[in-house]
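Visitor: Hey, I've got a new structure to look at and could use some company. Can we go through its charged pairs together?
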Amino acid sequence: MKLATLKNNTRDGQLVVVSRDLSKAVAVTNIANTMQQAIDDWATISPKLEAVYAQLNDGAVEGAVDFDEAHCESPLPRAYQWADGSAYVNHVELVRKARNAEMPETFWTDPLMYQGGSDAFIGPRDDIPVASEDFGIDFESEVAVITDDVPMGASPEQAESHIKLLMLVNDVSLRNLIPGELAKGFGFFSSKPSSAFSPVAVTPDELGDAWNGKKIHLPLTTHLNDELFGQPNCGVDMTFDFPTIVAHAAKTRPLSAGAIVGSGTISNYDRSAGSSCLAEKRMLEIIADGKPSTSFMQFGDKVRIEMFDEEGNTIFGSIDQTVVEYKGA
């Protein structure tokens, strides 16, 4: 099943069911008005949404309209929880290597995670507003899951059953603000502005054999200014799978329905697949040449993030954004 949220001048938008080929959509106000309402009572509501989805794919739904990704909010325009992991430890290792820092062995056994701002996500086709190019503007191409209620202390095996939807992420980072924040010993805040998620969130069964309950075994494709930047495989070199990082997020507190848990930047040891963020490419340049030759994003730069199935069909639609100067409210 594929679901999206259309803009309608309210904070939480209008939930719609989207056809498998992303061509049609239909509002389901008689079932649920918003994505959060659906996920709050997923066991009851999802079968009703699935029935509509089947009819929509058969062309048997009245009131269906053409689906336009440009009209989408992020599937959850705001969420009770947005926790982003760093499941690809080779990426962390690379960043530390570039600055001649040793990586603690515990990084391979205990997931890294930060709690991001979740009250104001931006839409997948919305501009990325940033006050200054000096902040070191970067994209991070990732995958995320949406859970229903996860009890505190859930095991990875238990956490797997609570993963209900998947989507893509652009976890925008302001790299030049990060060192100062981390030096305070209290984590990210200003260096992590609003994130954006794919137009469509999908149930795991939509991925077929590419989803094994733990990882997505497909490449994640990123274009920067219409040039291919990277397409590393999400199922390769993922040190901590999704059930593991969801369980980590719920280690000492429950997760409420609608919690979003991210994978962190997709990264493969095989660098021929390219990268999923500018920071990684710059680190590789530092290691090879002693200095970076790739700049961070400037105003007017565009990033597009999407995932294709084995037949070349887009699964989630695309995150397609332009960096613009923020000039105040």
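Visitor: So, how many salt bridges does the structure hold?
Guide: There are 15 salt bridges in it. Keep in mind that this is a predicted model.

Visitor: Okay, pick one. Which residue does Glu140 form a salt bridge with?
Guide: Glu140 pairs with Arg175, and their closest N and O atoms are 3.4 Å apart. Glu140 sits in the loop between β8 and β9 while Arg175 sits in the loop between β11 and α5, so the pair ties together parts that are 35 residues apart in sequence.

Visitor: Is Glu140 buried or exposed?
Guide: Glu140 is buried, because its relative accessible area is 6%, under the 20% cut-off. Arg175 is buried too, at 17%.

Visitor: Switching spots: what does Lys214 form a salt bridge with?
Guide: That's Glu160, with the closest N and O atoms 3.1 Å apart. Lys214 is in the loop between β13 and β14, Glu160 is in helix α4, and 54 residues separate them. Lys214 is partly exposed at 33%, and Glu160 is partly exposed at 28%.

Visitor: And Asp226, where does that one lie?
Guide: Asp226 lies in the loop between β14 and β15, and Lys302 in strand β17, so their pair ties together parts 76 residues apart in sequence. The closest N and O atoms of that salt bridge are 3.8 Å apart. Asp226 counts as exposed at 53%, whereas Lys302 is partly exposed at 33%.

Visitor: Last one: which residues do salt bridges with shared partners join into one network?
Guide: Asp138, Glu140, Asp171, Arg175 and Lys192.

Note on methods: Residues are numbered from 1 along each chain as its sequence is written. This is a predicted model: local features need pLDDT of at least 70, side-chain atom pairs count only at pLDDT 80 or more; totals for chains, interfaces and linings use all residues. Side-chain values use heavy atoms; hydrogens and water are left out. A salt bridge is a side-chain nitrogen of Lys or Arg within 4 Å of a carboxyl oxygen of Asp or Glu. Helices (H or I, at least four residues) and strands (E, at least two) are DSSP runs, numbered from the N terminus. Buried means under 20% relative accessible area, exposed over 50%, partly exposed in between (1.4 Å probe, protein chains only).
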